[in-house]
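Work through these exercises with the structure open beside you. Try each task before reading its solution.

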Amino acid sequence: MAHGTGNSLRTGIAVFAALLLLTVITVLVSYVDLGAGNVVVALLIASAKASLVALFFMHLKGESRLVWGFALFPIVFLALILLGTLTDTMLR
Amino acid sequence: MSGQPGEHADPAVAFESAKLGVWTFLATEVLLFGALFTAYTVFRMKYPELFRAEHAKLDRVLGAVNTVVLITSSLMVVFGVDAIKRGKARLFEACFGATILLAAVFLCIKYVEYAAKFHHGIYPRTNLFFSIYFMLTGLHGIHVLLGMGLLSYGILLSRRGRLSASYYTPAEMSGLYWHFVDLVWIYLFPLLYLIG
């Protein structure tokens, strides 16, 4: 249970640096007009950042399948809610 | 989060079940914010011009600064949890204290943004975009406040000598919650500030 190491600090700092870099990129890209591409790029970068936070800061990387299941099932449900709502409102 | 030493025969099992409990709670949180994200998506697709025009009224520099503030606060949580795992209680308290301070900075910047909007006569009822903006950032702000409370509780436990290298469950769990608060903002920032 106790496994605090300098290694986890190094990983933390590396993830932090990556998050900063991605934040700068997403802000810079927002000033360029890519049409619909802006949404795609912004969401891809946000998802990359969210994955970094979940995998390393929230330790999902080393978690059991059970925890992975608990982490992923709300995302599946959110996708279902979005899909269901959009098919209803957009095709009405 | 109430897993005290001795409550379960096997501390490792107690730790795992506490963790599973937090992830379950976070699942409900995803769906809570998810409902609002769904509303955002539907209205954004129905009224693209409104969203394009209104989102430009937000200050993306302040939004970006707040993103950096939250990311940094998350790093402080990583440092704090690592410290208590090595039994360094004072360092842990300093790190979680820094997180709370950064959370306060985040809320102050949020206050400046809200005040500027109100000053320009922009309220939640102004239009759909700002209804969603105030709902999402307001709900997130409440989560920041709750997180500050949880982190303070962790510090309080440590001050009372209740946390150590062999028992740090409250620190780890409040940290998990804090990272989630950061994660939500990671989506809120581009969706509200950057893409119209």
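## Exercise 1: Confidence

Chain B averages a pLDDT of 94, and 96% of its residues score at least 70. This is a predicted model.

**Task.** Find where in chain B confidence is lowest and where it is highest, and state the scores of the model.

**Solution.**
1. Confidence in chain B is lowest in α2(B), at a mean of 94.
2. It is highest in helix α4 (residues 89-119) of chain B, at 98.
3. For the model, ipTM is 0.92 and pTM is 0.93.
4. Keep one caution in mind: where pLDDT is low, predicted coordinates should not be read in detail.

## Exercise 2: The build of the chains

**Task.** Describe the secondary structure, extent and burial of chain B, then state the domains of chain A.

**Solution.**
1. Count the elements: chain B has six helices and zero strands.
2. Along the sequence the pattern reads α-α-α-α-α-α.
3. Along its principal axes, the C-alpha trace of chain B spans about 60 × 30 × 20 Å.
4. Chain B has 196 residues, and 45% of them are buried.
5. Now take contacts in chain B between residues at least 6 apart in sequence: 78% of these join residues at least 24 apart.
6. Turn to chain A: the assignment gives domain 1 (1-58) and domain 2 (63-92).
7. The C-alpha centres of domain 1 and domain 2 of chain A lie 22 Å apart.

## Exercise 3: The side of chain A that touches chain B

**Task.** Work out how many residues are in contact between the chains, and which helix of chain A supplies the largest share of its side.

**Solution.**
1. On chain A, 39 residues are in contact with 38 residues of chain B.
2. On the chain A side, α1 (6-30), α2 (37-57) and α3 (65-90) each supply at least two residues.
3. The largest share comes from α3(A), with 15 residues.
4. By class, this side of chain A has 28 nonpolar residues, ten polar and one charged.

## Exercise 4: Two helix pairs across the chains

**Task.** Decide how α1(A) runs relative to α3(B), and how α2(A) runs relative to α6(B): parallel or antiparallel?

**Solution.**
1. Two packed helices are described by the angle and the distance between their axes.
2. Start with α1(A) and helix α3 (residues 60-85) of chain B: their axes come within 10 Å and cross at roughly 170°.
3. Angles over 145 degrees count as roughly antiparallel. So α1(A) and α3(B) are roughly antiparallel to each other.
4. List some of the contact residues. Those from α1(A) include Leu9(A), Gly12(A), Phe16(A), Leu19(A) and Val27(A). Those from α3(B) include Arg60(B), Val68(B), Ile71(B), Phe79(B) and Asp82(B).
5. This contact has eleven nonpolar, five polar and two charged residues.
6. Next take α2(A) and helix α6 (residues 169-194) of chain B: they pack at an angle of about 175°, with their axes 10 Å apart.
7. The cut-off is again 145 degrees. Therefore α2(A) and α6(B) are also roughly antiparallel to each other.
8. In α2(A), the residues that meet α6(B) include Ala42(A), Lys49(A), Val53(A) and Phe57(A). Among their counterparts in α6(B) are His179(B), Asp182(B), Ile186(B), Tyr187(B) and Leu194(B).
9. The contact of α2(A) with α6(B) divides into eleven nonpolar residues, one polar and two charged.

## Exercise 5: Three single residues

**Task.** Place Ala56(B), His143(B) and His59(A), and classify each as buried, partly exposed or exposed.

**Solution.**
1. Ala56(B) is in the loop between α2 (48-55) and α3 of chain B.
2. Ala56(B) has 10 other C-beta atoms within 10 Å. The cut-off for exposed is 12 or fewer, so Ala56(B) is exposed.
3. Ala56(B) and Tyr193(B) are 137 residues apart in sequence, yet 7.4 Å apart in space, C-alpha to C-alpha.
4. His143(B) is in helix α5 (residues 128-159) of chain B.
5. His143(B) has 19 C-beta neighbours inside 10 Å. Buried takes 20 or more, so His143(B) counts as partly exposed.
6. Leaving out residues up to four places away in sequence, His143(B) touches Val181(B) and Val184(B).
7. His143(B) and Val184(B) are 41 residues apart in sequence and 9.8 Å apart in space, C-alpha to C-alpha.
8. His59(A) lies in the loop between α2 and α3 of chain A.
9. With 18 C-beta neighbours inside 10 Å, His59(A) counts as partly exposed.
10. Check the backbone too: phi of His59(A) is near 60°, a positive value in a residue other than glycine.

Methods
Residues are numbered from 1 along each chain as its sequence is written. Chains are lettered from A and ligands numbered from 1 in the order in which they are written. This is a predicted model: local features need pLDDT of at least 70, side-chain atom pairs count only at pLDDT 80 or more; totals for chains, interfaces and linings use all residues. Two residues are in contact if their C-beta atoms, placed from the backbone, lie within 7 Å. Helices (H or I, at least four residues) and strands (E, at least two) are DSSP runs, numbered from the N terminus. Ala, Val, Leu, Ile, Met, Phe, Trp, Tyr, Cys and Pro count as nonpolar, Asp, Glu, Lys and Arg as charged, and the others, Gly among them, as polar. Axes are lines fitted to C-alpha atoms, for helices over the stretch in contact, and angles run from 0 to 180 degrees between N-to-C directions. Angles under 35 degrees count as roughly parallel, over 145 as roughly antiparallel, 65 to 115 as roughly perpendicular and the rest as oblique. Domain bounds come from an automatic or database domain assignment. pLDDT is the predictor's confidence in each residue, from 0 to 100.
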